[in-house]
Amino acid sequence: MAIVAIVGRPNVGKSTLFNRLVGKRLAIVDDTPGVTRDRREGEGRIADMKFRVLDTAGFEDAYDDSLEARMRRQTERAIQEADVALLLIDARAGVTPLDEKFAALLRKGNTPVLLLANKCEGKAGQPGLLEAYSLGYGDPIPFSAEHGEGLSELYDALEPFI
Ligand code: GDP
Ligand code: MG
């Protein structure tokens, strides 16, 4: 089964997307950035499409170095395993320097990347959606993990890799 990794800086909505795709509340969602402590794995589904999905968190208690180094290590491991990576940004916050670091990190690997501009429900995400083009991954998919918007676009984008 194809493996889909959900990556991005803390608080962009990775675990919310994981929960929506997996359909069980396996990952902890909290307003505290990076609150999910372990990597989560489950069977994701969109309509008839099935895949394994990895949620990344950014914390690994075993390592005593910087948060950024831990995030980098966990993300690298997930994308090495994955057939495709979903890079999430928070469209309401716009593109941050940390988003740019994740984008640069993914460019070093060979894993195909789909860019999701999350939190795009309503109008608040529009500026961030435009900014997302600057990350160099082509058309961002407007998405709302919380409201389930953008799933059919995600389905179409994922289909070649599943
Ligand atoms: P993670 O750190 O990337 O795993 O992010 P979480 O999934 O824990 O979400 C961080 C915060 O963003 C939580 O308060 C979520 O409820 C919120 N969130 C996630 N997806 C959306 C969305 O589509 N729209 C909005 N407005 N908030 C969202
Ligand atoms: Mg999380």
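## The parallel pair at β1

In this predicted model, β1 and β3 run parallel and are joined by four bridges. Within this pairing, alanine 5 has leucine 54, in β3, as its bridge partner.

## The sheet and its edges

The pair belongs to an open sheet of six strands, whose order is β2-β3-β1-β4-β5-β6 and whose pairing is mixed. At the edges stand β2, residues 40-46, and β6, residues 141-142; each has a single partner strand, so one side of each is left without a neighbour in the sheet. The partner of β2 is β3, residues 49-55, and these two strands run antiparallel, with seven bridges between them.

β2 and β3 also form a hairpin, in which two residues lie between the strands, and alanine 47 in the turn has a positive phi of about 50 degrees. Isoleucine 46 is placed opposite methionine 49 in β3.

## Helices packed on the sheet

Helix α1, residues 14-22, packs on the sheet and touches β1 (3-7), β2, β3, β4 (84-90) and β5 (113-118), while its direction makes about 55 degrees with that of β2. Helix α3, residues 97-108, also packs on the sheet, where it touches β1, β4 and β5, and its direction makes about 170 degrees with that of β4.

Most of α1 is covered, seven of its nine residues being buried. The buried residues are Lys14, Ser15, Thr16, Leu17, Phe18, Asn19 and Leu21, and what covers them includes the strands β1, β2, β3, β4 and β5. After α1 comes glycine 23, which has a positive phi, near 80 degrees.

## Proline 140 before the edge strand β6

Proline 140 lies in the loop between α4, residues 126-131, and β6. This proline counts as buried because 25 other C-beta atoms lie within 10 Å, where the cut-off for a buried residue is 20 or more.

When its neighbours within four places in sequence are left aside, proline 140 is in contact with Leu115, Leu116, Ala117, Leu129, Ala132 and Tyr133. Between proline 140 and leucine 114 the separation is 26 residues in sequence, and their C-alpha atoms are 7.5 Å apart in space.

## The chain as a whole

Five helices and six strands make up the secondary structure of the protein, and along the sequence they follow the pattern β-α-β-β-α-β-α-β-α-β-α. Of the 162 residues in the protein, 40% are buried. Among contacts with a separation of 6 or more, 64% are between residues 24 or more positions apart.

## Confidence of the prediction

The mean pLDDT of the protein is 87, with 85% of its residues at 70 or more, and the model scores ipTM 0.99 and pTM 0.90. Over residues 58-63, however, pLDDT stays under 50, and for this stretch the model has 14 contacts beyond four places in sequence. Where pLDDT is low, predicted coordinates should not be read in detail.

Conventions
Residues are numbered from 1 along each chain as its sequence is written. Chains are lettered from A and ligands numbered from 1 in the order in which they are written. This is a predicted model: local features need pLDDT of at least 70, side-chain atom pairs count only at pLDDT 80 or more; totals for chains, interfaces and linings use all residues. pLDDT is the predictor's confidence in each residue, from 0 to 100. Two residues are in contact if their C-beta atoms, placed from the backbone, lie within 7 Å. A residue is buried if 20 or more other C-beta atoms lie within 10 Å of its own, exposed if 12 or fewer, and partly exposed in between; C-beta atoms are placed from the backbone. Two strands pair if DSSP finds at least two bridges between them. Axes are lines fitted to C-alpha atoms, for helices over the stretch in contact, and angles run from 0 to 180 degrees between N-to-C directions.
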